[in-house]
Amino acid sequence: MPYDYDDQNIFAKILRGEIPNDMVMETEHTIAFNDIGPKAPIHVLVLPKGSYVNHDHFHAEATDAEILDFARVTARIIADKGLAPGSGGDGYRVIGNAGIDGLQEVPHYHLHILGGRNLGAMVPSA
Ligand code: AMP
């Protein structure tokens, strides 16, 4: 089985209400909360509520409604935080880590929205 979801991961526990979170937005299919260890003045995590491990799993197997909701929530948070360049914001970075090379810590799909300062190089040079 290519995608083996561990329902004991910390975000699964947050989604079940077993661990608190600093909520930013919640919809039918999506939840967003502030990262507990922010790497920038704005550091929000956006998660689908469904049990997906990473970006490729989510986009291969989620319903259209889940994918659309997730994308819209991400855009709404970027707008709400004043980050969108088209609306006078200074920009942002969206990151989705996956697997060993991506150094994914929590095996429940999530995007990081980072902003509020110049974020520097996208990745360190090899
Ligand atoms: P990743 O390496 O992409 O899996 O990132 C996992 C992120 O989850 C890290 O930035 C952590 O700081 C963050 N994190 C871990 N536990 C929590 C928590 N309980 N609440 C909010 N963020 C968390």
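The paragraphs below go through the ligand, its surroundings and the pocket of this predicted model.

The ligand is a convenient place to begin. It is surrounded by 16 residues, and the closest of these are D35, E105, V106, H110 and H112. Three of these residues can be followed further, since each has an N or O atom paired with an oxygen atom of the ligand. In the case of D35 the partner belongs to the side chain, where an N or O atom is 2.5 Å from an oxygen atom of the ligand. With E105, by contrast, the contact is made by the backbone, one N or O atom of which lies 2.8 Å from an oxygen atom of the ligand. V106 likewise takes part through a backbone N or O atom, at 2.9 Å from an oxygen atom of the ligand. Taken on its own, the ligand has 510 Å² of accessible area, and the protein covers 89% of that area.

The shell around the ligand can also be described by its elements and its chemistry. Two elements, α1 (10–15) and β2 (30–34), give two or more residues to this shell, and α1 supplies the largest share, which amounts to three residues. Sorted by residue class, the shell contains eight nonpolar residues, six polar residues and two charged residues.

From the shell one can turn to the space itself, for the ligand takes up the space of the largest pocket. This pocket has a volume of about 890 Å³. It is lined by 34 residues, of which D35, K39, H43, L45 and H112 are the closest to its centre. D35 and H112 thus appear here as well as among the residues closest to the ligand. The elements that contribute two or more residues to the lining are α1 and β2, together with the strands β3 (42–48), β4 (92–95) and β5 (111–115). As for the character of the lining, 18 of its residues are nonpolar, ten are polar and six are charged.

Conventions
Residues are numbered from 1 along each chain as its sequence is written. This is a predicted model: local features need pLDDT of at least 70, side-chain atom pairs count only at pLDDT 80 or more; totals for chains, interfaces and linings use all residues. Side-chain values use heavy atoms; hydrogens and water are left out. A residue is near a molecule or strand if one of its heavy atoms lies within 4 Å of it. A polar contact is a pair of N or O atoms within 3.5 Å; within protein, one must be able to donate a hydrogen and the other to accept it, and residues adjacent in sequence count only if both atoms are side-chain atoms. Accessible areas come from the Shrake-Rupley method with a 1.4 Å probe; for residues, only the protein chains shown count as cover. On a 1 Å grid over the protein atoms alone, a cavity is a set of points where a 1.4 Å probe fits but cannot get out, and a pocket is an open set with protein on both sides within 12 Å along at least five of seven lines; lining residues have an atom within 4 Å of a point. A molecule sits in a cavity or pocket if more than half of its atoms lie within 2 Å of its grid points. Helices (H or I, at least four residues) and strands (E, at least two) are DSSP runs, numbered from the N terminus. Ala, Val, Leu, Ile, Met, Phe, Trp, Tyr, Cys and Pro count as nonpolar, Asp, Glu, Lys and Arg as charged, and the others, Gly among them, as polar. Grid points are joined across faces, edges and corners, and a volume is the space filled by probe spheres set on the points.
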